[in-house]
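Me: Hi! I'm new to looking at protein structures, and I'd love to go through one with you step by step. Could you show it to me first?

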Amino acid sequence: MRKLENSELERKSIDAFKKAEKTPIIIVLDDIRSLHNIGSVFRTADAFLIEKIYLCGITATPPNKEINKTALGATETVTWEHNADVLKVIENLKDDNVTVLAIEQVESAVFLQEFTIEKDKKYALIFGNEVHGVSQEAVALCDGCIEIPQLGTKHSLNISVSAGIVVWDLFKKMKWPK
């Protein structure tokens, strides 16, 4: 077994990425404090050809040296938009027929492994503040909530880890349904 060289990975150019068919997932980051988390989410979005990222509230925007440390250029490929009001973003997404899901621990949340993708639907995933999570006002506007099961003593994951887990799971269900 041999590790592949970077030249063997068949990476898309920025132009090819922009033209590629996108995965029908939109990520909404609301009040994310950590610039490294923001950059990591950009990198995950690039890896899975995510359609767009909304940066809401206090969430910082590119260009930013600290975001770029973890994004590694993904801010140049992934389409993003800043909107101060996450509630307005949720309302606009719903008006556009996007199913909006908070990634949060709430009553009646669906565990990630039990969440079923509906064919030909577009999904928006709301990830909230590192300390307070997705606000109750935003949760109330969502079409549903997904919870990542956690069995240890901690009941939270880093935002970039949560985004990676959820995006991978939905991507897998969309691309290779059973």
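Reply: Happy to! One definition to begin with: Ala, Val, Leu, Ile, Met, Phe, Trp, Tyr, Cys and Pro count as nonpolar, Asp, Glu, Lys and Arg as charged, and the others, Gly among them, as polar. Please also keep in mind that this is a predicted model.

Me: With those classes in hand, how do the residues lining the largest pocket divide into nonpolar, polar and charged?

Reply: The largest pocket has a volume of about 450 Å³. Its lining is made of 18 residues, and Ile117, Lys173, Met174, Lys175 and Pro177 lie nearest the centre. Sorted by class, the lining of the largest pocket holds 7 nonpolar, 1 polar and 10 charged residues.

Me: Which helix gives the largest share of the lining of that pocket?

Reply: Here we look at where the lining residues sit along the chain. The largest share is 4 residues, and these come from the stretch 159–175, which is helix 6.

Me: Is Val161 buried, partly exposed or exposed?

Reply: Val161 has its place in helix 6. Together with Leu157 and Ile165, Val161 forms a nonpolar patch on the surface, with about 200 Å² of accessible area for the three together. Buried means under 20% relative accessible area and exposed means over 50%. Val161 has a relative accessible area of 40%, so the word for Val161 is partly exposed.

Me: Now for charges. Which residue forms a salt bridge with Glu51?

Reply: Side chains of opposite charge can pair when their charged atoms come close. The cut-off for a salt bridge is a side-chain nitrogen of Lys or Arg within 4 Å of a carboxyl oxygen of Asp or Glu. For Glu51 the closest N and O atoms of the pair are 2.9 Å apart, and the partner is Lys122.

Me: Why does the pair of Glu51 and Lys122 tie together parts that are apart in sequence, and how many residues apart are they?

Reply: Glu51 lies in strand 2 (residues 50–56), while Lys122 lies in the loop between strand 5 (110–111) and strand 6 (123–127). The pair therefore ties together parts whose separation in sequence is 71 residues.

Me: Where do Glu66 and Lys69 lie?

Reply: The side chains of Glu66 and Lys69 meet in a salt bridge, at 3.3 Å from N to O. Along the chain, Glu66 and Lys69 are 3 residues apart, about one turn of the helix, and both lie in helix 3 (residues 65–71).

Me: How many salt bridges does the count come to?

Reply: Among them is the bridge between Glu118 and Lys121, with the closest N and O atoms 3.7 Å apart. Salt bridges also link Asp169, Lys172 and Lys173 in a network. By the 4 Å rule, the count of salt bridges comes to 10.

Me: Let's turn to the backbone. Which residues does a cis peptide bond join?

Reply: The clue is omega, which is about -5° at this bond. One partner, Pro63, lies in the loop between strand 2 and helix 3. The cis peptide bond joins Pro62 and Pro63.

Me: Last one! Is Asp120 buried or exposed?

Reply: Asp120 has a positive phi of about 65° although it is not a glycine. Asp120 is found in the loop between strand 5 and strand 6. The cut-off for exposed is over 50% relative accessible area. At 75% relative accessibility, Asp120 therefore counts as exposed.

Note on methods. Residues are numbered from 1 along each chain as its sequence is written. This is a predicted model: local features need pLDDT of at least 70, side-chain atom pairs count only at pLDDT 80 or more; totals for chains, interfaces and linings use all residues. Side-chain values use heavy atoms; hydrogens and water are left out. On a 1 Å grid over the protein atoms alone, a cavity is a set of points where a 1.4 Å probe fits but cannot get out, and a pocket is an open set with protein on both sides within 12 Å along at least five of seven lines; lining residues have an atom within 4 Å of a point. Grid points are joined across faces, edges and corners, and a volume is the space filled by probe spheres set on the points. Helices (H or I, at least four residues) and strands (E, at least two) are DSSP runs, numbered from the N terminus. Patches are made of residues with over 30% relative accessible area and no salt bridge: like charges are joined within 9 Å, nonpolar side chains (Val, Leu, Ile, Met, Phe, Trp, Tyr) within 5 Å. Accessible areas come from the Shrake-Rupley method with a 1.4 Å probe; for residues, only the protein chains shown count as cover. Buried means under 20% relative accessible area, exposed over 50%, partly exposed in between (1.4 Å probe, protein chains only).
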